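Visitor: I have the sequence and the coordinates open side by side. Could you walk me through a few spots, starting with a single residue?
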Amino acid sequence: MLAVVCREAWSAVLTATLSEASMSSNTVITTTGLTKHFGPVMALDDLNVQIVHGEIFGYLGPNGSGKTTTIRLLLDFLRPTAGTSQVLGGSGADPRIRARLGYLPADLHIDPRYTAADLIDFYGRLRGGHDAAWVAELLERFDLDPDRRVGELSTGNRRKVGIVAAVAHRPELLILDEPTSGLDPLLQHEFQVLLRELTAGGATVFLSSHVLPEVELLAHRVAILRHGRLVTVAGIDELRRQARQRIDLHLAREPDPDAFTGLPGVVEADVTGAVARIVVEGSAAEVIKAAAPLEVVRVVSHDADLDEVFLRYYQEAGQP
């Protein structure tokens, strides 16, 4: 309950921050008209987003929607066809900027001869060093043997090496592309705890993921892409308000089987005896009015299903 209250309070802070004229001073990532074509293929079209200090920003979309292309543009692995991007107030190509961020790619390619310790030390030297005690804690939390060669590790364990290497220097900004791919549920939870700790300490997270429940659990705001175009940027609470509500009404008297069918906002209505199970899009006011004369004994409201909202954006919005 406390976590929910804290996140709602933080969402309100972010909303206020985003409405201020001084937002640019608090912005960690900015893209303006960012566009990338590969020959005739449009990978990203006119992307305009701003990500503020201290938030976890979810970046969602089907395969091929432009998520990884965006990350490569931010880090200057690719050059844009048009538009600009800023990361931590500068260019993603600047070594001084790179030293302040952590990056975990979706496809993590590590020389199989390296050990986890080799990789962490290598990146530590590039970034000006890291806290050995913090690295030891991370290795213990993710149950990693630092002396095993990467070529001997499973896909999940290689992913853990990548996570530790990305956060070993306590970065100001984390850019993560499908970070929990291959992790078991316990380690996914540990990773989520780690992200909350880092953002509580002032870090910002750009989280590109296909794991919708994870994004719903962690993110303050999300952007949704489709066919390389931005469909929406919205707070999680705003998306919840768009989600369909599932309500079970336990009534004192059995209603007519069609008592709730056709009411404004009602998507589904199933009446069994004195229980009406109803799916509502938007306001449930008309449903409550219709139920009142039947004497409502108990109302059971199920959590909003954000997967449905996300998929609706994927499938319907932003049609080319």
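Guide: Let's start with T70, keeping in mind that this is a predicted model. T70 has a relative accessible area of 2%, and because buried means under 20%, T70 counts as buried.

Visitor: Which element is T70 in, and which residues does T70 touch?
Guide: T70 lies in helix α2. Leaving aside residues up to four places away in sequence, T70 touches L44, L47, Y59, F206 and L225.

Visitor: And what does helix α2 pack on?
Guide: Let me describe the sheet before coming back to the helix. The sheet is an open one of 3 strands, in the order β2-β1-β4 and with antiparallel pairing. Strands β2 (41–52) and β4 (82–87) are at the edges with a single partner strand each, so each has one side without a neighbour in the sheet. From one strand to the next, the twist averages 20°. Helix α2, residues 67–74, packs on this sheet and touches β1, β2 and β4, with its direction at about 115° to that of β1.

Visitor: How many bridges join β1 to β4?
Guide: Strand β1, residues 27–38, is joined to β4 by 5 bridges, and the two run antiparallel. To look at one pairing on screen, take T31, whose bridge partner in β4 is S85.

Visitor: Switching to helices: how do α6 and α7 cross?
Guide: The axes of α6 (residues 155–167) and α7 (residues 185–200) come within 12 Å of each other and cross at roughly 10°. Since angles under 35 degrees count as roughly parallel, α6 is therefore roughly parallel to α7.

Visitor: Which residues make that contact, and of what class are they?
Guide: On the α6 side they are K160, I163 and V167, while α7 contributes L187, F191, L194 and L198. Sorted by class, the contact of α6 with α7 has 6 nonpolar residues, 1 charged residue and no polar ones.

Visitor: Zooming out, how many helices and strands are there, and what percentage of residues is buried?
Guide: The protein has 11 helices and 13 strands, and 45% of its 320 residues count as buried.

Visitor: What about contacts between residues far apart in sequence, and the exposed area?
Guide: Among contacts with a separation of 6 or more, 71% are between residues 24 or more positions apart. The protein exposes about 15,600 Å², of which carbon and sulfur atoms supply 52%.

Key. Residues numbered from 1 in each chain as written. Predicted model: local features only at pLDDT ≥ 70, side-chain atom pairs only at ≥ 80, totals over all residues. Heavy atoms only, no water. Helix = DSSP H or I, 4+ residues; strand = E, 2+ residues; numbered from the N terminus. Buried < 20%, exposed > 50% of the residue type's maximum accessible area, 1.4 Å probe, protein only. Contact = heavy atoms within 4.5 Å. Areas by Shrake-Rupley, 256 points an atom, 1.4 Å probe, with all protein chains shown as cover. Axes fitted to C-alpha atoms, helices over the stretch in contact; angles between N-to-C directions. Parallel < 35°, antiparallel > 145°, perpendicular 65-115°, else oblique. Nonpolar A, V, L, I, M, F, W, Y, C, P; charged D, E, K, R; others polar. Pairing = 2+ DSSP bridges.
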